[in-house]
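Colleague: Hey, I'm new to this one. Can you pull it up and walk me through it?

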Amino acid sequence: MKMQKAWIYEEYGPKEVLKLGDFPFPTPQHNQLLVQVQAASLNPIDFKRRQRPIFPSDFPIVPGCDMAGVVIGKGVGVTKFDIGDEVYGNIQDFNNGEKLKQLGTLAQFIVVEESLVARKPENLSFEEAASLPLAIQTAVEGFKTSGFKEGQTIFIVGGSGGVGTLAVQLAKLLYGASHVAATTSIPKVEFVKQLGADKVFDYTKTKYEQIEEKYDCLYDTIGDSKNSFVVAKDDGAIVDITWPPSHPRAVYSSLTVSGEVLEMLSPFLESGKLKAVIDPTGPYKFDDVIGAFRYLETRRARGKVVITGFPLQDFPTSGLSGNYSNSNGNI
Ligand SMILES: NC(=O)c1ccc[n+]([C@@H]2O[C@H](COP(=O)([O-])OP(=O)(O)OC[C@H]3O[C@@H](n4cnc5c(N)ncnc54)[C@H](OP(=O)(O)O)[C@@H]3O)[C@@H](O)[C@H]2O)c1
């Protein structure tokens, strides 16, 4: 059996259960693309899923949802993409009721349904593109869940995290917020202002009760709605993206996994108005995935923790597309 290099775990536990090993080379099924991964990013769900059985899936598991890479093969039924296309997406469809894929994105090669990816905007590097999918799908869904309307005000708890940095940017850019407030700790206050927040509160100095303004929408990205709810107007929307929400008024918002969201945002990414935010401690090398998890698990990341430098040895691209595609490019 043809094998590839991947990060693997065969039991639940701390990051030490992760081993760099071999995983079977995948074959794209109906509607699936075979992609050579160029960059990936980590999300808290990657370590939460590794720590305990949240989603049903079989061992061994290769973690990782987000990736950007190059299409090198395709299954029957693929219509939108061709070999050589540069794509990005979140490959794990949490909402389809099936087991998650065993093969996540911390591998040289993955398969993904074409509906879950989008063409990578040319002006984005693979690293920038890989940083976006899961977090931006979540950020967009939170606005939808809250019923946010143009001209309203918003308070984003956790403006410097993977989801928060995108929610802050999208608030005005896509949803026409009239005023954006956010929280973070002192070293990141200026950074969150630069993302577009009008007011940034250092949560180590200011308690929610000390904030006089009341907001149309409270968007909590850190699971603190039991405390943060006080900044919402009496009839304001309260959205919490962590499960279970800690305040009875908070509505849980879960991402929709689809390439469509990424396509919808392409013009904003291509114009440079919407920016990918890569944590400055990275990008981390493929060999240092454990270091990347160590950092993400401190819960102090500024934007996204990105992995790059996927090994290319053993699998020259030229040999692969010939082996895995017929003259139509189909398997
Ligand atoms: N429902 C869904 O579909 C969905 C999707 C994605 C993520 N999530 C969940 O949403 C949460 C956030 O995800 P993420 O990717 O944004 O996480 P993340 O990138 O790890 O968030 C880290 C950020 O949180 C900030 N933070 C931590 N404590 C804070 C506090 N008390 N007040 C303000 N900011 C604080 C940190 O800023 P400081 O260093 O300044 O503290 C840091 O910048 C996770 O629990 C994740 O599992 C849910």
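Colleague: What's the handedness of the crossing of helix 3 and helix 4?

Modeller: Right-handed. Just keep in mind that this is a predicted model.

Colleague: OK. At what angle do helix 3 and helix 4 pack?

Modeller: The angle is about 50 degrees, and their axes are 8 Å apart. An angle from 35 to 65 degrees counts as oblique, so helix 3 and helix 4 are oblique to each other.

Colleague: And which residues meet there?

Modeller: Helix 3 brings Ala135, Ile136, Thr138, Ala139, Val140, Gly142 and Phe143. On the helix 4 side you'll find Gly162, Val163, Leu166, Ala167 and Leu170. Sorted by type, the residues of that contact are nine nonpolar, three polar and no charged.

Colleague: Switching topic: how is the chain divided into domains?

Modeller: Domain 1 takes 3-132 + 276-324, and domain 2 takes 135-252. Their C-alpha centres lie 29 Å apart. Eight residues from domain 1 and nine residues from domain 2 make the contact.

Colleague: What sort of residues does domain 1 use on the side that touches domain 2?

Modeller: A mix: three nonpolar, three polar and two charged.

Colleague: So where does the ligand lie relative to the domains?

Modeller: Between domain 1 and domain 2, because both give residues to the shell around the ligand.

Colleague: How many residues surround the ligand, and which are the closest?

Modeller: 32 residues surround the ligand, and the closest are Pro44, Ser160, Gly161, Gly162 and Ser185. The elements giving two or more residues to that shell are helix 1 (44-51), helix 3 (133-146), helix 4 (162-173) and strand 9 (179-184).

Colleague: How do the shell residues divide into nonpolar, polar and charged?

Modeller: There are 12 nonpolar, 15 polar and five charged residues in the shell around the ligand.

Colleague: Now the backbone. Where are there cis peptide bonds?

Modeller: One runs from Phe59 to Pro60, with omega near -5 degrees. Pro60 sits in the loop between helix 1 and strand 4 (66-74). Another joins Gly282 and Pro283, with omega about -5 degrees. You'll find Pro283 in the loop between helix 7 (259-270) and strand 14 (284-285).

Colleague: Why point those out?

Modeller: Because most peptide bonds are trans.

Colleague: Last one: what is phi of Asn31?

Modeller: Near 70 degrees, a positive value in a residue other than glycine. Most residues other than glycine have a negative phi. Asn31 is in the loop between strand 2 (19-24) and strand 3 (32-42).

Methods: Residues numbered from 1 in each chain as written. Predicted model: local features only at pLDDT ≥ 70, side-chain atom pairs only at ≥ 80, totals over all residues. Near = placed C-beta within 6 Å. Helix = DSSP H or I, 4+ residues; strand = E, 2+ residues; numbered from the N terminus. Nonpolar A, V, L, I, M, F, W, Y, C, P; charged D, E, K, R; others polar. Domains from an automatic or database assignment. Axes fitted to C-alpha atoms, helices over the stretch in contact; angles between N-to-C directions. Parallel < 35°, antiparallel > 145°, perpendicular 65-115°, else oblique. Left-handed = near helix turned anticlockwise from the far one by under 90°. Contact = placed C-beta atoms within 7 Å.
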